[in-house]
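Biologist: Please put the model on the screen, and I will ask about it piece by piece.

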Amino acid sequence: MRFSVLASGSTGNAIYIENEKHAFLVDAGFSAKKLESLMAGIDRSLKQIDGIFVTHEHSDHIKGIGVVARKYGTPIYANEKTWQAMDGLVGTIPLEQRFQFDMDTVQSFGSLDVQSFAVSHDAADPMFYVFHENGRKLAIITDTGYVSDRMKGIIHGADTFVFESNHDVSMLQMGRYPWSVKRRILSDVGHVSNEDAAVAMSEVVEEKETRIYLSHLSKDNNMKDLARMSVSQTLETCGILTGEYVHLYDTDADKPTELVTV
């Protein structure tokens with residue numbers, strides 16, 4: 001199993017996963033043209049995609065889904081409430097390309113098992129995914145106001161995490177956003193801060209080689225260096241030294257990470 005965070009941030013999100021027989025996206029929060037460019041950055045094409053797994057209906061996660069589905073005949077997977085919420089946002093998707101992926105279930109695609117799980121976010125029925133193949137595990141968790149014990153149990157021990165590190169609390173509190181937006185981000189249905197993300201990370205990593213990709217960074221309330229430093233310092237406080245067996249990686253809002261093996 002290999003993957004790349006094609007791009008991640010407050011302006012758009014998409015993640016690519018492949019094995020020997022299949023290729024998928026988690027979300028498609030960019031125009032089809034931009035997605036094609038991002039895929040070209042890892043020497044892949046949207047024509048190769050066997051399906052898109054949708055996490056929730058916010059525009060930075062579904063912007064390109066309708067066009068990609070219609071242009072390439074790509075199957076789209078989402079739970080019932082998310083389908084209902086995004087139906088008026090993505091245009092017509094042919095019935096034969098609309099697949100239901102229920103919350104807290106597993107769907108198998110050959111040797112690749114895809115597990116869905118609930119998160120806490122202000123969307124209709126938000127969920128994220130864990131990918132399992134041959135004893136290896138890739139966990140994706142962004143867009144959640146907090147990381148519950150149940151979420152931690154599901155993602156625990158992954159070999160690779162794509163983990164939200166959305167904002168620095170001080171930057172957010174001092175920033176230009178209206179108080180209503182700040183309150184929403186800081187709430188249990190908003191986004192996790194650098195420090196809260198790191199505390200959750202400390203409870204789910206095992207003592208083995210582990211990659212953590214810091215994702216969904218706020219354009220206005222975070223910076224890559226700050227996120228990495230805050231997460232590293234908090235992990236150290238929790239007894240985990242990054243660089244030993246836990247390795248932190250940046251993601252970008254407009255270019256893909258290297259395509260790597262999980």
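Biologist: Which residue in strand 13 does Tyr213 stand opposite?
Modeller: This is a predicted model, so the usual caution applies. Strand 12 and strand 13 (residues 246-250) run parallel and are joined by five bridges. In that pairing, the residue opposite Tyr213 is Tyr249.

Biologist: What is the hand of the β-α-β crossover from strand 12 to strand 13?
Modeller: The chain leaves strand 12, passes through helix 9 (residues 224-237) and arrives at strand 13. The hand of this crossover is right-handed.

Biologist: With which strand does strand 11 pair in the parallel sense, and what is the bridge partner of Phe163 there?
Modeller: Strand 11 (residues 160-164) pairs over five bridges with strand 12. Strand 12 covers residues 210-215, and five of its six residues are buried. The bridge partner of Phe163 in that strand is Leu214.

Biologist: Which parts of the structure do the buried residues of helix 8 pack against?
Modeller: Helix 8 covers residues 194-204, and its buried residues include Asn194, Ala197, Met201 and Val204. They pack against helix 5 (149-155), strand 11, strand 12 and helix 9.

Biologist: Is Asp250 buried, partly exposed or exposed?
Modeller: Asp250 lies in strand 13. Its relative accessible area is 27%. Buried would need under 20% and exposed over 50%, so Asp250 is partly exposed.

Biologist: Which side chain does the side chain of Asp250 join in a polar contact of 2.8 Å?
Modeller: Leaving out residues up to four places away in sequence, Asp250 touches Tyr213, Leu214, Lys224, Arg228 and Thr257. The polar contact of 2.8 Å between side chains is with Arg228.

Biologist: What distance separates the C-alpha atoms of Asp250 and Asp225?
Modeller: Along the chain, Asp250 and Asp225 are 25 residues apart. In space, their C-alpha atoms are separated by 8.7 Å.

Biologist: How many aromatic pairs does a search of the whole structure find, and why is the pair of Tyr77 and Phe99 classed as it is?
Modeller: The search of the whole structure finds 13 aromatic pairs. For Tyr77 and Phe99, the ring centres are 5.1 Å apart and the planes are at 25 degrees. Planes under 30 degrees apart count as stacked, so this pair is stacked.

Biologist: How many residues apart in sequence are the parts that Tyr77 and Phe99 tie together?
Modeller: Tyr77 is in strand 5 (residues 76-78), and Phe99 is in strand 6 (residues 98-100). Tyr77 is buried at 8% relative accessibility, whereas Phe99 is partly exposed at 33%. Because the two rings sit in those two strands, their pair ties together parts whose separation in sequence is 22 residues.

Biologist: What angle lies between the planes of Tyr213 and Tyr249?
Modeller: Tyr213 is buried, at 3% relative accessibility, and Tyr249 is partly exposed, at 28%. Tyr213 belongs to strand 12 and Tyr249 to strand 13, so their pair ties together parts 36 residues apart in sequence. The pair is stacked, with 4.9 Å from centre to centre and an angle between the planes of 20 degrees.

Biologist: Which residues do ring pairs link into a cluster?
Modeller: Tyr77 and Phe99, the stacked pair discussed above, both belong to the cluster. The linked residues are Phe24, Phe53, Tyr77, Phe99, Phe101, Phe109, Tyr129 and Phe131.

Biologist: In what order do the seven strands of the open sheet come?
Modeller: The pairing in this sheet is mixed. Within it, strand 3 (residues 23-26) and strand 4 (residues 51-53) pair in the parallel sense over three bridges, and Leu25 has Ile52 as its bridge partner. Strand 6 and strand 14 (260-261) are the edge strands, each pairing on one side only. The order is 6-5-4-3-2-1-14.

Biologist: Which side chain forms a polar contact of 2.9 Å with the side chain of Glu18?
Modeller: Glu18 is in strand 2 (residues 12-18) and is buried, with a relative accessible area of 10%. Beyond its neighbours within four places in sequence, Glu18 is in contact with Met1, Arg2, Ala23, Arg44 and Leu259. The polar contact of 2.9 Å is with Arg44.

Terms used. Residues numbered from 1 in each chain as written. Predicted model: local features only at pLDDT ≥ 70, side-chain atom pairs only at ≥ 80, totals over all residues. Heavy atoms only, no water. Buried < 20%, exposed > 50% of the residue type's maximum accessible area, 1.4 Å probe, protein only. Helix = DSSP H or I, 4+ residues; strand = E, 2+ residues; numbered from the N terminus. Pairing = 2+ DSSP bridges. Right-handed = clockwise from strand over helix to strand, strands pointing away. Contact = heavy atoms within 4.5 Å. Polar contact = N/O pair within 3.5 Å; in protein donor to acceptor, adjacent residues only side chain to side chain. Phe/Tyr/Trp six-rings, centres within 6.5 Å; stacked < 30°, edge-to-face > 60°.
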